[in-house]
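This report introduces a protein model to a reader who has not met it before. It begins with the surroundings of the ligand and then turns to the chain as a whole.

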Amino acid sequence: MGLHVVAITGASGAVYGVRLIEVLRSSGHDVRLIISREGAINLELECAMTPELLSEKYGCELENNENLAAKSASGSAAIDSVVVCPASGTTISKIATGISDNLTTRSAIVALKERRTLILVPREAPYATIHLENMTKISQWGGVVIPASPGFYNKPESIDDLIDFVVARILDQLGIENNLTARWTGEEIESNE
Ligand SMILES: Cc1cc2nc3c(=O)[nH]c(=O)nc-3n(C[C@H](O)[C@H](O)[C@H](O)COP(=O)(O)O)c2cc1C
């Protein structure tokens with residue numbers, strides 16, 4: 001089982017991070033949780049939860065985003081992945097320019113330098129060109145960008161289904177088996193032949 005850093009930053013969509021943590025913990029993975037100031041605002045607004053409640057509920061270590069001496073900040077720590085979910089345009093821009101001024105950006109840049117899995121889940125609409133440029137850079141360096149935009153081909157019936165669609169894509173990238181969503185079989189569309 002792995003050790004994953006999950007950072008909830010100040011973009012809308014804290015619920016994606018919450019569900020990711022729930023699935024990681026229920027499948028036996030350890031999570032170190034980082035929540036930025038605006039991440040906490042959105043967590044309260046959208047999920048009626050505090051960082052402390054979230055970490056208690058799922059039994060994960062809550063790190064202080066201002067603490068650059070934390071375990072996740074070090075390249076020598078045995079960390080499997082860093083997932084910024086949701087990822088604000090601000091955090092993405094800092095990562096793209098090498099600014100490690102808090103534990104989230106430091107952990108993400110450490111993941112890049114150590115060639116570990118880094119996943120960003122941006123939520124912005126529309127994207128500014130600077131967002132696109134920053135995401136292109138990080139993608140070229142091996143980071144994975146998974147937009148918080150669920151698909152509809154598997155006929156979602158609830159908001160939970162939409163959330164799980166995005167979380168399943170994250171788990172797939174982490175190499176974690178999951179059945180959160182029905183997978184495309186190739187037989188969904190009747191052939192015209
Ligand atoms: C209520 C609220 C909603 C926000 N929604 C978004 C969003 O969806 N996407 C985004 O990139 N930034 C959003 N922001 C702006 C970020 O929170 C802001 O850029 C902040 O500096 C991000 O800092 P952080 O990355 O350290 O969390 C929102 C801010 C607030 C207060």
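## Surroundings of the ligand

In this predicted model, the ligand is surrounded by 16 residues, and the closest are Gly10, Ala11, Ser36, Glu38 and Thr91. Two elements each give two or more residues to this shell: helix H2 (37-47) and helix H4 (89-97). Of the elements, H2 gives the most to the shell around the ligand, with 5 residues.

The shell can also be described by residue class. It has 10 polar residues, together with 3 nonpolar and 3 charged ones.

## Order of helices and strands

The chain contains 7 helices and 6 strands. Along the sequence, these elements follow the pattern β-α-β-α-α-β-β-α-α-β-α-β-α.

## Overall dimensions

Along the principal axes, the C-alpha atoms of the chain fill a box of roughly 60 × 35 × 30 Å. The radius of gyration of the chain is 16 Å, which agrees with the value near 16 Å for a compact globule, because the chain has 193 residues.

## Burial and contacts

Of the 193 residues in the chain, 41% are buried. The contacts in the chain can be considered by separation in sequence. Among those between residues at least 6 apart in sequence, 74% join residues at least 24 apart.

Key
Residues are numbered from 1 along each chain as its sequence is written. This is a predicted model: local features need pLDDT of at least 70, side-chain atom pairs count only at pLDDT 80 or more; totals for chains, interfaces and linings use all residues. Helices (H or I, at least four residues) and strands (E, at least two) are DSSP runs, numbered from the N terminus. The radius of gyration is taken over C-alpha atoms; the globule rule is 2.2 Å times the number of residues to the power 0.38. A residue is buried if 20 or more other C-beta atoms lie within 10 Å of its own, exposed if 12 or fewer, and partly exposed in between; C-beta atoms are placed from the backbone. Two residues are in contact if their C-beta atoms, placed from the backbone, lie within 7 Å. A residue is near a molecule or strand if its C-beta atom, placed from the backbone, lies within 6 Å of it. Ala, Val, Leu, Ile, Met, Phe, Trp, Tyr, Cys and Pro count as nonpolar, Asp, Glu, Lys and Arg as charged, and the others, Gly among them, as polar.
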